[in-house]
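Open your viewer, set a cartoon representation and keep the selection box handy. We will go from stop to stop, picking a few residues each time.

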Amino acid sequence: MITKTGLESHRVDDIADLLNRTDGFLWVDMPAGDAGAMQVLSEVFHFHPLAVKDALERNRVPKMHAYADHIFVILHAPEGGDRGHVHYLELDQFIGRNYLVTVHGPVNPAVAAATAARETRAVLARITKGRLQPASPFALSHAIVAALTRNQEDYVEQVTADVWRLEQQVTGGNVGNAESFLNELFRARHGLLAVRTMGALGGAIYGRMATLVGLPDVDKPLVDDSTDQFVRVRRIADGEREYLQGVIEFYQSILTIKATNAAHIQNEKVQRLTEASYAQSEQVKRISAWAAIFFAPSLVAAVYGMNFDHMPELHWRIGYPFALALMVAAGAALHWAFKQRNWL
């Protein structure tokens, strides 16, 4: 219970009675959506069953539902994981006239349970130390949302440090393995895109909340300020993402130039090998052509050198001249044919 005199701690069994007090407002922070939380949300606060269901389950996108006596809001904060993965830490809020109920949604087993409550824990520490004295549930919700947006900005700051390091590696030519480096670049971009999405959706939700009829005038500036905080997160993430995209394009240009040069060198090697192979082929063709030219007379000579008993040419007066002419004619015919094919 938060009163003008300070913060009071009470048991869960006292919630129903505390809702009837008029000297302050009630803050119930539920670290997990278990069976006990479901009972309190359903039987003590009598929230809508769909809202209770959303509060106990994981939600992929932020939401805002306005009911007759309260507003239900779902937001996310980022938490870095392995290999560039971004965990979405869910924070659900039931904002009523005299109470604020915060429920921390289910978290990945890889994330410590205490991490999900860092925003409410930070706000509680400020209240305990007297640095914060919220006057209404909306004021308390505003402080928690401010802590959430600060965590979003801190995550952008962490990713930006990686972006600067990657940019220095690119400009300094100290990249190392190209595949691993590209993985780092795209993981950083994924982180910025995740936070950018959280900021954009959070801003849209609070922008819609500001238009609700019945919202107390004293709380409207707080809603507007929360909207501005989410818009600022989105713009910061967008700026860093554009800067990182420039680094990625710069590095991709370097890779393209290197690949083009390597391909050009490879093409030159292939061309030289092709030219050498062509020259060798031409030489083989010339050798084969001359071999064929000299083979024809040799064939004629071999036939006439077999000393057959019945060779009419032996009784001709022009027998040997005919054989010699046949040799020359065969060689000349082949020479002419190969010349036409540019083999000689």
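Start by selecting residues 24-30, which make up strand β3. Five of the seven residues in this strand are buried, so β3 is largely enclosed by the rest of the structure. Buried here means under 20% relative accessible area, exposed means over 50%, and partly exposed lies in between, using a 1.4 Å probe and protein chains only. Strand and helix names come from DSSP runs (H or I of at least four residues for helices, E of at least two for strands), numbered from the N terminus.

A word on what you are looking at: this is a predicted model, in which local features need pLDDT of at least 70 and side-chain atom pairs count only at pLDDT 80 or more, while totals for chains, interfaces and linings use all residues. Residues are numbered from 1 along each chain as its sequence is written, and side-chain values use heavy atoms, with hydrogens and water left out.

**The neighbours of β3**

Keep β3 selected and add residues 2-3, strand β1: two bridges join β1 to β3, and the two run antiparallel. Two strands are said to pair if DSSP finds at least two bridges between them. Label I2 and F25 to see one such pair of bridge partners. Now add residues 99-104, strand β7, which runs parallel to β3 and is joined to it by five bridges. Here, label D29 and T102, which stand opposite each other.

**The whole sheet**

Next, show all the strands. In what order do the seven strands of the open sheet come? The order is β2-β1-β3-β7-β6-β5-β4, with mixed pairing. The edge strands are β2 (6-7) and β4 (63-66), each pairing on one side only. To look at one of these edges, go to β2: two bridges join it to β1, and the two strands run antiparallel. I2 turns up again here, with L7 as its bridge partner in β2. While you turn the sheet, keep in mind that side chains in a regular strand alternate between the two faces of the sheet.

**Two helix pairs**

Two packed helices are described by the angle between their axes and the distance between the axes. Axes are lines fitted to C-alpha atoms, for helices over the stretch in contact, and angles run from 0 to 180 degrees between N-to-C directions.

Select 35-44 and 49-56, helices α2 and α3: they pack at an angle of about 155 degrees, with their axes 10 Å apart. α2 and α3 are therefore roughly antiparallel to each other. On this scale, angles under 35 degrees count as roughly parallel, over 145 as roughly antiparallel, 65 to 115 as roughly perpendicular and the rest as oblique. α2 passes α3 in a right-handed crossing; the crossing is right-handed if the near helix is turned clockwise from the far one by less than a right angle, and left-handed if anticlockwise.

In the loop between α2 and α3, pick H46. Its phi is near 60 degrees, a positive value in a residue other than glycine. H46 is exposed, at 59% relative accessible area.

Then move to 137-172 and 178-209, helices α5 and α6, which pack at an angle of about 155 degrees with axes 10 Å apart. α5 passes α6 in a left-handed crossing.

**Charged side chains**

Switch to sticks. Side chains of opposite charge can pair when their charged atoms come close. A salt bridge is a side-chain nitrogen of Lys or Arg within 4 Å of a carboxyl oxygen of Asp or Glu, and by this rule the count comes to 14. Three to visit:

- R11 and D14, at 3.6 Å from N to O; R11 is exposed at 57%, and D14 is partly exposed at 21%.
- D54 and K63, with their closest N and O atoms 3.6 Å apart; D54 is buried at 13%, and K63 is partly exposed at 27%.
- D217 and K220, at 3.7 Å from N to O; D217 is exposed at 61%, and K220 is partly exposed at 32%.

**Last stop: D238**

Select D238 in helix α7 (residues 220-304). Is D238 buried or exposed? D238 is buried, with a relative accessible area of 13%. Add R196, R234 and R241, which are linked with D238 in a network of salt bridges.
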